[in-house]
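Welcome! Take a moment to look over the sequence and the fold, and then let's talk through them together.

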Amino acid sequence: MNQSHRTVFRWWWAWADEAEERWLEDMARQGWHLDQIVFPCVYRFRAGEPRHDVYRLDFVAGGDRRAEYFQLFRDAGWQHLGQEGGWQYFRKTVRPGEAAEIYTDNASKVTKYQRLVRVLVIFIPILMFNLLITQRHGGWPGPWIQGVQAGVLALLAFALVRIGLRIRELKKS
């Protein structure tokens, strides 16, 4: 077993990205530094000296201004670690008196979640269309596939509601 690397599976929800950031920071304080996002919710860490790193997640899916976007982060001292499903992972070693936030106001955080909602909403008609098609064709494995699609659709609806609640919470504070 290699003690210099560690792979960890950790499920997290989009509306709880700040908790995920804190977990990554705790890992860095224990000497495990995020090295790679292997797959959604699968992280690869490398061993090193414990340090006070700050991690921030942002949601940006595509766009023609990505080079400018990443340059802004580099100029502010953030290291881009990778992306998974539109989620961008950034790290910065904190020094006394240095800013450790990528968004300093709630309006910017709201915009991040609104970008996520715009992407997720695209999947609703696709899932509904697929559900309709499998329902019309029947036969095995039709009911099984319909159940999976209905479950994914319900999970998507749940996620959209939770993200909407997070947006509302940010707008109130």
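Q: Of the contacts in the protein with a separation of 6 or more, what share comes from residues 24 or more positions apart?
A: Keep in mind that this is a predicted model. A contact here means heavy atoms within 4.5 Å. Taking the contacts with a separation of 6 or more, the part that joins residues 24 or more positions apart is 62%.

Q: In what order do the elements of the protein run from the N terminus?
A: There are five helices and six strands to place. Reading from the N terminus on, the order is β-α-β-β-β-α-β-β-α-α-α.

Q: How is the aromatic pair of Trp13 and Phe158 classed?
A: It helps to know that the protein has 15 aromatic pairs. For Trp13 and Phe158, the ring centres are 6.1 Å apart and the planes meet at 80°. Planes over 60 degrees apart fall in one class, so this pair is edge-to-face.

Q: How many residues apart in sequence are the parts that the pair of Trp13 and Phe158 ties together?
A: Trp13 sits in the loop between β1 (5-9) and α1 (17-29). Phe158 belongs to helix α5 (residues 142-172). The pair therefore ties together parts whose separation in sequence is 145 residues.

Q: Is Trp13 buried, partly exposed or exposed?
A: Buried residues have under 20% relative accessible area and exposed ones over 50%. Trp13 has 31%, so the residue is partly exposed.

Q: Which residues do ring pairs link into a cluster with Trp13?
A: Phe158, the partner of Trp13 in the edge-to-face pair, is one of them. Two tryptophans complete the cluster, giving Trp11, Trp15 and Phe158.

Q: Which elements hold Trp23 and Tyr43?
A: These two residues form a tilted aromatic pair, with 5.5 Å from centre to centre and 50° between the planes. The pair ties together parts 20 residues apart in sequence, because Trp23 lies in helix α1 and Tyr43 in strand β3.

Q: Is Tyr43 buried or exposed?
A: The cut-off for a buried residue is under 20% relative accessible area. Its partner Trp23, at 15%, counts as buried. Tyr43 has a relative accessibility of 0%, so this residue is buried.

Q: Over the face of which residue does Arg6 lie?
A: A charge over a ring also occurs where the charged end of Lys112 sits 4.9 Å from the ring centre of Tyr113. For Arg6, the distance to the ring centre is 5.2 Å, and the ring belongs to Trp32.

Note on methods:
Residues numbered from 1 in each chain as written. Predicted model: local features only at pLDDT ≥ 70, side-chain atom pairs only at ≥ 80, totals over all residues. Heavy atoms only, no water. Helix = DSSP H or I, 4+ residues; strand = E, 2+ residues; numbered from the N terminus. Phe/Tyr/Trp six-rings, centres within 6.5 Å; stacked < 30°, edge-to-face > 60°. Buried < 20%, exposed > 50% of the residue type's maximum accessible area, 1.4 Å probe, protein only. Lys NZ or Arg CZ within 6 Å of the ring centre and 35° of its normal.
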